[in-house]
Amino acid sequence: MSTPESIRPLHDVWLRPRRVFRELAAQPVGLADYALAAGQGLVSWLAFSRQQDAGKAASVAGIFLKAVSFGSLAGIASLLLMGAIYARLGRRVDGVPVRNAVVHILAYGGVPVVASLGLWILAALLAGEAAFVQTPAPDADGFLVLLIRMQFIAYVLLMLWSIVLQVMGFSEIQGVATRRALGVWLLGQLVGFLALLALAVLVTVLVPDGGGI
């Protein structure tokens, strides 16, 4: 009798997400989940830096330093917040602990985003600060401009694939159709956005002048 093939979550989640999330559902949340969350936060900070044209005022080293310090912490905090939100939205299926399953989906579903870190590093090494500017300078090298655009397109595609993986994860764990799982994912994102917006408003009210900084 052949034994079941063991899964390699970081590898198999790309093309066999349902099996990966099914196998991970009952396992406790571990260091790998938090490391993946930190990686997602780091990449999200780099993308945000590009949207803010951070390359015009900061060095590549400075941008990555903030991404590692603040972005990583934000990624872990986001995992905890969204894990709690989706656990509330979800339900128990066959006795599976909802929170653990949800955290695994959010963490391992983000593997494609974490993988895009290599593209960000490559772009930064080749283009420098120009990799974190939305509109390249008029005299910028044509090859570098093309490289930066292709890198960002690849990042967006990988981010979309992460969303697909997470939706498939919710579909598998909750035992619902993919369309309904997409609705759950969108609702969770909306609730998370409103929670962060409320927090930002609260901070603004309590510290209107930035605390004198």
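**Note on a predicted helical chain**

1. The buried residues of α2 pack against three helices: α1 (9–12), α5 and α8. The buried positions in α2 itself are P17, R19, V20, F21 and L24. This is a predicted model, and the points below should be read with that in mind.

2. On the overall fold, the chain contains 9 helices and 0 strands. Its order along the sequence is therefore simply α-α-α-α-α-α-α-α-α, given that helices and strands are numbered from the N terminus. The chain has 213 residues, of which 40% are buried. Taking contacts between residues at least 6 apart in sequence, 75% join residues at least 24 apart.

3. The largest nonpolar core has 28 residues, and the members that touch the most others are V13, Y86, L106, Y108 and F170. At least two residues of this core come from each of α2 (17–24), α3, α4, α5 (98–108), α8 (142–174) and α9 (178–206). The largest share is that of α5, with 8 residues.

4. V13 deserves a separate look. Which residues does V13 contact, leaving aside its neighbours within four places in sequence? They are R8, V20, F21, Y108, V111 and L165. Two of these, V20 and F21, are among the buried residues of α2, and Y108 is listed with V13 among the core members that touch the most others.

5. There is also a second core, separate from the one above, with 18 residues. Its members include A54, V113, F132 and I148.

6. The pairing of α3 with α4 can be described in some detail. Helix α3 spans residues 31–51 and helix α4 spans residues 60–89; their axes come within 6 Å and cross at roughly 125°. That angle makes α3 oblique to α4. The crossing of α3 past α4 is right-handed.

7. Which residues of α3 meet α4? On the α3 side they are D33, Y34, A37, A38, G41, L42, W45, L46 and S49. On the α4 side the partners are I63, F64, K66, A67, V68, F70, G71, S72, G75, I76, L79 and L80. By type, the residues of this contact divide into 14 nonpolar, 5 polar and 2 charged.

8. A general point helps when reading such lists: an α-helix has 3.6 residues a turn, so residues three or four places apart point the same way. In α3, the contact list includes Y34, A38, L42 and L46. In α4, the list includes I63, A67, G71 and G75.

Conventions: Residues numbered from 1 in each chain as written. Predicted model: local features only at pLDDT ≥ 70, side-chain atom pairs only at ≥ 80, totals over all residues. Heavy atoms only, no water. Axes fitted to C-alpha atoms, helices over the stretch in contact; angles between N-to-C directions. Helix = DSSP H or I, 4+ residues; strand = E, 2+ residues; numbered from the N terminus. Parallel < 35°, antiparallel > 145°, perpendicular 65-115°, else oblique. Left-handed = near helix turned anticlockwise from the far one by under 90°. Contact = heavy atoms within 4.5 Å. Nonpolar A, V, L, I, M, F, W, Y, C, P; charged D, E, K, R; others polar. Core = buried A, V, L, I, M, F, W, Y, C linked by side-chain atoms within 4.5 Å. Buried < 20%, exposed > 50% of the residue type's maximum accessible area, 1.4 Å probe, protein only.
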